[in-house]
Amino acid sequence: MELEPELLLQEARESVEAAQSYRRELSQRLQGLREARRQIKESASQTRDVLKQHFNDLKGTLAKLLDERLVTLLQEVDTIEQETIKPLDDCQKLIEHGVNTAEDLAQEGELAIRGGVGEQNEKLWSFTKKASHIQLDSLPEVPLLVDVPCLSAQLDDSILNIVKDHIFKHGTVASRPPVQIEELIEKPGGIIVRWCKVDDDFTAQDYRLQFRKCTSNHFEDVYVGSETEFIVLHIDPNVDYQFRVCARGDGRQEWSPWSVPQIGHSTLVPHEWTAGFEGYSLSSRRNIALRNDAESSGVLYSSAPTYFCGQTLTFRVETVGQPDRRDSIGVCAEKQNGYDSLQRDQAVCISTNGAVFVNGKEMTNQLPAVTSGSTVTFDIEAVTLGSTNNNEGGNFKLRVTISSNNREVVFDWLLDQSCGSLYFGCSFFYPGWKVLVF
C-alpha cells in the first residue's frame, strides 16, 4: 500500500532529521576521540620531557657530588702527606748536618796527622780537643718503614650495587593519576572543588590542590591537607579556571602525578558586605567584615540581595570578641534600619551563644556557641509559593536549615511577601569579631 504524498514527505523529513542528528552524535564522539588522543599524546610528550630533565639533573648532581668527594679525599691525602713528611725532613736536615760536620772533622784530622809529631804537636792537640767536644757516637734515630705511614685508598665497590639498586627502582610511569577531580560546584565568588581517589592500591596521606585562570601559565597552591574538598575563593564571575589535584602516599615525601585538569567557572555574583558602615572594617573584596572599636552599633547588611533559595550561604568566623546575647548572623527579606540586631521580624539568625531566632522569636532548639573557626551555613528552600490558611499571618513559607559545629536545626519561616532573593547581615556589640561570607 503506497503512502500518501504528505505522509511520505513527512517520513522523508523525519529520516533526514534522524540522519542529521545521528551525524551530530557521531561528530561529537569523533571530537571526544580526538580529545582523548590529544590527552594521551600531550601527556606522553610532557612525561618524556619531565623524565629527561629529571635524569639530566640527577646526572649533573651526582657528578658534582662525586667531584666534591674526590676533592675531599685528595685533600686528606695531602694533609697526611704533609704532616708525616715534616718529621722526616727535620731528621734529614739533622743527619746531613752531621755528615758535613764529620767530613770537615775528618779532613782537619788528616791534615794534623800528616804533619807528624814535633812542630805539629800544637795542631794535633787542637784537633783532639775539638774532636772530644763532638759526639761522634750519637746517631739520630731513623723510623722503621713499618712505623711510617703508607697511604692507600679504601674504595668499596658495593656502593655501585647500592646505587644501581636505587636507580633501577627510582621513578615510575603511571597511566592514570591516583586521584581525580570529581565535581566543581559554583558558589558566589567561589568554586567548591571535590576530588576522589581512583586507585584502590594507593593510600593517600595528604592532597594538594592548585588552580589558575585559563589565560595564565602558572598554577598556584590553594590547599594542602587531608580533606577531599575545598572551596576556592576570590573567583571572578564568568571567568574560566583550571583545577588539578595530586596526592602524597602514606609515609612518602614525593607527590603523585597531577590529575587531569578540569575547567570550571562561577556565574554567581560574589557576596559582599555594604561598605561605609562606621562600626565595621571590610577587606578589599568586601567579603570579610571586622567589628572595629567604633561606638556605633547596628546591623551590617549585604550590599545587595544576592542570596537565592536553593543555594547554601556560609559564614566563617575568623576571630571572636566578647559575646552578647543580641549578636546575630543570618538572613532577612529586606533591609530595615533602626534595628541593632537581626532578632526581628522578617529575619532568621543565630546568636553567638547559639540561640536561633525566627521573626524575632527565640526557638527552643539551640546550636553550639559560635567560636573562632566556626562555620555557620544557611540552606533555604521554598515550601509554599501561595498563600497559607493558617493564623500566623504568613503568605509564603520557606524551609530553613541552619548548621553549625556539626549540628543543625530545621524550621519553617513564614514571610509576609514573596522574596526571590534575600539579604544577609550580622551585628556584634563588641569589637574583635571577624566574619567571612561565601
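Two strands are said to pair here if DSSP finds at least two bridges between them, and strands themselves (E, at least two residues) are DSSP runs, as are helices (H or I, at least four), with numbering from the N terminus. With that in hand, β6 and β7 qualify as partners, since three bridges join them in an antiparallel run. We will come back to that pair after a look at the whole chain.

What you have on screen is a predicted model, in which local features need pLDDT of at least 70 and side-chain atom pairs count only at pLDDT 80 or more, while totals for chains, interfaces and linings use all residues. Residues are numbered from 1 along each chain as its sequence is written, and side-chain values use heavy atoms, with hydrogens and water left out.

Let's start with confidence. The pLDDT, the predictor's confidence in each residue on a scale from 0 to 100, averages 87 over the protein chain, and 94% of the residues score at least 70. Helix α2 (residues 121-132) has the lowest confidence, with a mean of 73, whereas strand β19 (residues 423-427) has the highest, at 95. Residues 386-394 deserve a word of caution: their pLDDT is below 50, and the stretch has 11 contacts in the model beyond near neighbours in sequence, where a contact means heavy atoms within 4.5 Å. Where pLDDT is low, the predicted coordinates should not be read in detail.

Next, the overall layout. The domain assignment, whose bounds come from an automatic or database source, gives domain 1 (14-169), domain 2 (179-264) and domain 3 (280-437). Taken over C-alpha atoms, the centres of domain 1 and domain 3 are 75 Å apart. A pair of single residues gives another sense of distance: Ile134 and Gln311 are 177 residues apart in sequence and 113 Å apart in space, C-alpha to C-alpha.

Now to the middle of the chain. An unreviewed UniProt entry carries the annotation "domain: Fibronectin type-III" over residues 177-270; such annotations may be inferred rather than shown by experiment, and their positions are given in the numbering used here, with feature names shortened. Over residues 177-270 the chain is 53% strand and 0% helix, and the end C-alpha atoms lie 33 Å apart.

Four strands form an open antiparallel sheet in the order β4-β3-β6-β7. Because β4 (220-225) and β7 (262-264) stand at the edges with a single partner strand each, one side of each is left without a neighbour in the sheet. Neighbouring strands of this sheet are turned by 30 degrees against each other on average, direction ignored, with axes being lines fitted to C-alpha atoms (for helices over the stretch in contact) and angles running from 0 to 180 degrees between N-to-C directions.

You can walk across this sheet bridge by bridge. Strand β3 (residues 204-213) is joined to β4 by five bridges, and Gln210 has Asp221 in β4 as its bridge partner. On the way to β6, β3 pairs over nine bridges, with Phe211 partnered by Phe243. Phe243 in turn has Gln262 in β7 as its bridge partner.

Why is β6 (residues 241-249) described as largely enclosed by the rest of the structure? Nine of its nine residues are buried, so the strand earns that description; buried means under 20% relative accessible area, exposed over 50%, and partly exposed in between (1.4 Å probe, protein chains only). In a regular strand the side chains alternate between the two faces of the sheet. In β6, Tyr241, Phe243, Val245, Ala247 and Gly249 point one way, and Gln242, Arg244, Cys246 and Arg248 the other.

Domain 3 (280-437) offers more to explore. Five of the five residues of β19 are buried, so this strand too is largely enclosed by the rest of the structure. Tyr423, Gly425 and Ser427 point one way from β19, and Phe424 and Cys426 the other. Two bridges join β10 to β19 in an antiparallel run, with Leu300 partnered by Cys426. Strand β12 (residues 328-332) also pairs with β19, over five antiparallel bridges, and there Val331 has Phe424 as its partner.

Finally, some loops. Gln311, in the loop between β10 (300-301) and β11 (312-319), is buried at 18% relative accessibility, and its contacts include Pro188, Leu268 and Phe378. Most residues other than glycine have a negative phi. Arg286, in the loop between β8 (280-282) and β9 (288-291), has a positive phi of about 60 degrees and is partly exposed at 34%.

Note on methods: Lists of a residue's contacts leave out its neighbours within four places in sequence.
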